[in-house]
Number of protein chains: 2
Amino acid sequence: MQKFDDVEDLRVRRTRKLLTQALIEGTVEKGFAALTVRDITRRAMVNRSTFYRHYLDKYDLLEQHLNEIYEVLEEGGIIGEGRPEGNIDEEIIELFKQIQQFPDFYRVMLGPQADAFLSQRFRQQTQQRVLAYYHQTFPEAASDPDTLPLDLKFTTIASAGCSALGWWLEQERPSTPEKFAHWLRQLSYDISISTLKPKK
Amino acid sequence: MQKFDDVEDLRVRRTRKLLTQALIEGTVEKGFAALTVRDITRRAMVNRSTFYRHYLDKYDLLEQHLNEIYEVLEEGGIIGEGRPEGNIDEEIIELFKQIQQFPDFYRVMLGPQADAFLSQRFRQQTQQRVLAYYHQTFPEAASDPDTLPLDLKFTTIASAGCSALGWWLEQERPSTPEKFAHWLRQLSYDISISTLKPKK
DNA sequence: CGAAACGTGTTGCCTATGCGACACAGAAGA
DNA sequence: TCTTCTGTGTCGCATAGGCAACACGTTTCG
């Protein structure tokens, strides 16, 4: 797999978007396990060799897709301490609108009958992301023996976030992405305060 | 505007598909008149210069899209190589299954608040297609001075078909393609009989 | 069992497309 | 009026991606 000089090239972004979209649609249609690289590239109208210029395999594609989601969440401060920035709020809302476009896919990942590999990898990545974020934000907390074990915190927070998202998607008529983003920010902020901020 | 060596190149087909899709979505969203080439290319994630490698302007894109639809219908035996005695019902049903692929777009084109240029061009192209069809099917009718003027017939038939289609798409709960095809077949059959079949 | 048939990765060559720039036109605004 | 801004249409150059072929592993079926 080779890298690209200009990751911002329109062709690169378009190819990645098409492949990701095909991954989601294909997963909904026939399941992630049965999905082949050929299926994805055929649906995306992208040559198979091009797929390997960007991703190692379908698992790599999935993880990169999830990572992109987390990056947006972290930039917006949804994960951890909320720092409201008007500009980034719109991006988060856009993200949830995108998620809402493929509720079946995330339902597959988060629902009760979720694909084994998918849901495991999703929660696992979520936890890792939360871990990395808190290492950046609270570097001193890692060496504090008196606080709760970090793993427990991260597992709890990650699981809470996944459950919240799953709950949102399971609703009959999900509320607007704006409202859900607001709730999620409040939730994550409360959790941050109660678990990470040392009481004075 | 330049031509391409290999029109079957996956990149060419993908680009055209994305642009066409963006045209349809953009037309539904903000109307065909207000739609710019920039809007289309931005939505399609295609460079603006690439647009001009394929189309002259948005009108050219629209016409090529309509032509492709008609070509698909002809390949399916719906318009071309018509058999007047055959089972026309199935052919008409196939037609509406094709149209149902882009319901919003045709709603914009044919509905009461339809864009002026769009609906005009659509009716115009439909009329030309009907003209070609009847030239194939009834070659002797073209030279018959005693029948009604052909233009009048075709205009009437095409306009009737478009109006009926627009009415169908405007319904709250459009009836099944089968039922509507039955009605339309009766209508068109009556028109054909009364205007094209010479009385013995 | 053998042999099609399919999926995975990889490579070298060719080309469609992106990018940046340009001239031009019309519209909005000081 | 003179700017400023946006859209149009075109161009040369650089490159991401298509295509065809390859070796290899796995399923499928006769």
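**Notebook: two protein copies and two DNA strands**

I laid chain B on chain A and obtained an RMSD of 1.6 Å, with a turn of 178° and a shift of 1.1 Å along the axis; the superposition is by least squares on the C-alpha atoms of residues with pLDDT of at least 70 in both copies. The two copies are thus related as by a two-fold rotation axis. I noted that R11(B) is the residue of chain B that comes closest to this axis, at 4.8 Å (C-alpha).

I record that this is a predicted model, in which local features need pLDDT of at least 70 and side-chain atom pairs count only at pLDDT 80 or more, while totals for chains, interfaces and linings use all residues. Residues are numbered from 1 along each chain as its sequence is written, and chains are lettered from A and ligands numbered from 1 in the order in which they are written.

I next looked up the contact between the chains (C-beta atoms, placed from the backbone, within 7 Å). Six residues of chain B and six residues of chain A take part. Because 100% of the interface residues of chain B are also interface residues in chain A, the copies meet through the same surface.

I then turned to the DNA, counting a residue as near a strand if its C-beta atom, placed from the backbone, lies within 6 Å of it. Around DNA strand C there are 22 residues, of which L10(A), V37(A), T15(B), N47(B) and T50(B) come nearest. Around DNA strand D there are also 22 residues, and here T15(A), N47(A), T50(A), V37(B) and S49(B) come nearest.

Conventions. Two residues are in contact if their C-beta atoms, placed from the backbone, lie within 7 Å.
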